[in-house]
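The following exercises concern an enclosed space and a helix pair. Please work through each task before reading its solution.

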Amino acid sequence: MRQPSPIDKITAPVNKFIHQEHTSGIVLFISVLVAIIWVNSPLQHFYHDLWDIKLSLGFGGYVLDHSLHLWINDGLMAVFFFVIGLELKREFMAGELSTIKKASLPMVAALGGMLVPALIYFFINKGTTAEHGWGIPMATDIAFALALLSIAGKHIPTSVKVFLSALAVADDLGAVLVIAIFYSSHIALMPLTIGMWLLVILLIGNKLGIRSIIFYLVIGFGVWVAFLLSGVHATIAGVLVAFTIPARTRINEKNYAESLRKLLFDFEKAIPNNSTLTTPEQHDTIEKIKELSMDAETPLQKVEFALHPWVAFVVMPLFALANAGIVIGSNFFSSLVNPVSLGVAVGLLAGKFIGVLLATWLMVKFGAQLPAKASWKQIVGVALLAGVGFTMSLFISGLAFTHPEMIDQAKYGILLASLLAGVLGVMMLKKS
């Protein structure tokens with residue numbers, strides 16, 4: 001067996017940390033903390049100046065000139081939504097949303113967890129200029145929620161984690177639809193038409209069996225630009241492009257295993273004596289194994305696996321750093337006494353809890369089953385954790401409002417509700 005090198009000894013703990021499911025939530029929490037400390041320090045002006053830096057992309061007369069803040073929110077977050085789209089497609093094809101029986105409970109729970117918070121916010125802000133922000137308390141932050149679930153203890157059944165994950169994925173789908181329908185600006189038809197035709201090209205490529213990831217990413221970038229110019233929020237392009245990525249293998253599992261065994265036999269048969277180099281026959285066999293393995297992979301899962309660490313440890317922390325800067329002064333709690341903050345906080349904390357729990361109870365009442373080995377106390381804990389709506393709630397608040405004061409008020413509500421929901425959820429799960 002090969003002995004680990006000094007580099008391996010350094011990188012192994014890092015790789016282990018990255019591949020633990022709750023670690024992205026920890027990194028996200030650190031980014032939020034850094035943003036809050038930074039914006040409340042003497043370097044506050046540098047925080048705001050950094051995100052206002054202008055960056056240009058283009059050629060000739062076609063130039064996109066935006067602030068760093070907008071590039072993160074409309075550019076990098078499109079990658080975040082692209083990965084969400086890949087996850088949604090995978091779940092619909094072969095995951096927890098692939099059948100009506102599997103999907104019914106988390107889908108209905110997610111629906112309840114979206115409708116009740118939106119209604120609470122709307123009634124608190126009805127008739128004001130802020131009533132358009134009803135979408136802010138609708139979303140659950142899956143990274144934070146799963147991180148907190150892992151903190152609650154190892155005694156939590158896997159089925160509960162799967163239920164929360166499926167609920168959050170269904171919740172993401174709802175948030176994407178809300179953004180597309182209600183939070184897109186005035187529509188410019190020409191760029192939108194170009195974007196739709198590019199999507200058609202991607203779908204045709206999928207049907208023709210094109211599996212080149214470069215093909216989908218290059219044309220997908222064109223879709224993003226077209227949507228950015230059209231007024232339909234550019235992050236929606238990420239989800240739509242994700243749904244065009246092929247999710248089929250070229251070879252089934254049985255044929256792959258049989259072919260691989262034959263190639264391994266050929267490789268062993270050609271082992272050279274006393275040499276560190278492979279023979280031409282071995283090299284040829286290795287190349288065949290590579291091609292065979294590529295045929296056994298789906299492009300969708302390959303792209304999702306490659307992008308997930310970048311989204312979890314670069315995109316989301318950068319978004320949090322750029323958007324979570326909340327000034328916390330001596331009047332912080334008095335700043336919460338306004339319709340926007342109250343609507344968001346009550347919507348996330350009480351609305352999510354009531355909506356998820358009530359919808360789950362009704363489904364069980366009408367014949368659905370709770371996740372295997374799950375107790376009602378654990379479902380209560382999950383319903384509380386669903387009120388942690390950080391990333392998506394911050395994102396929607398930037399779409400719903402243009403006035404900086406309203407955005408800050410929404411952030412106050414998001415921060416307070418997410419903190420309380422997280423603490424109460426973990427406490428309930430530990431008691432279970």
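A cavity is a set of points on a 1 Å grid over the protein atoms alone where a 1.4 Å probe fits but cannot get out; its volume is the space filled by probe spheres set on the points, which are joined across faces, edges and corners. The model is predicted: local features need pLDDT of at least 70, side-chain atom pairs count only at pLDDT 80 or more, and totals for chains, interfaces and linings use all residues. Residues are numbered from 1 along each chain as its sequence is written, and side-chain values use heavy atoms, without hydrogens and water.

**Exercise 1.** Determine how many cavities of 30 Å³ or more the structure holds, and describe the lining of the largest cavity.

*Solution.*
- Step 1. There is 1 cavity of 30 Å³ or more, and the volume of the largest is about 50 Å³.
- Step 2. Its lining residues (an atom within 4 Å of a point) include Phe 80, Asp 172 and Met 316.
- Step 3. At least two lining residues come from each of α6 (142-151) and α17 (390-400).

**Exercise 2.** Establish how α16 and α18 are oriented and where they meet.

*Solution.*
- Step 1. Helix α16 (residues 376-385) packs against helix α18 (residues 404-431) at an angle of about 165°, the axes being 8 Å apart. Axes are lines fitted to C-alpha atoms over the stretch in contact, and angles run from 0 to 180 degrees between N-to-C directions.
- Step 2. The two helices α16 and α18 are therefore roughly antiparallel (angles over 145 degrees).
- Step 3. In contact (heavy atoms within 4.5 Å) are residues including Val 380 and Leu 384 of α16 and Leu 424 and Met 428 of α18.

Note on methods
On a 1 Å grid over the protein atoms alone, a cavity is a set of points where a 1.4 Å probe fits but cannot get out, and a pocket is an open set with protein on both sides within 12 Å along at least five of seven lines; lining residues have an atom within 4 Å of a point. Helices (H or I, at least four residues) and strands (E, at least two) are DSSP runs, numbered from the N terminus. Angles under 35 degrees count as roughly parallel, over 145 as roughly antiparallel, 65 to 115 as roughly perpendicular and the rest as oblique.
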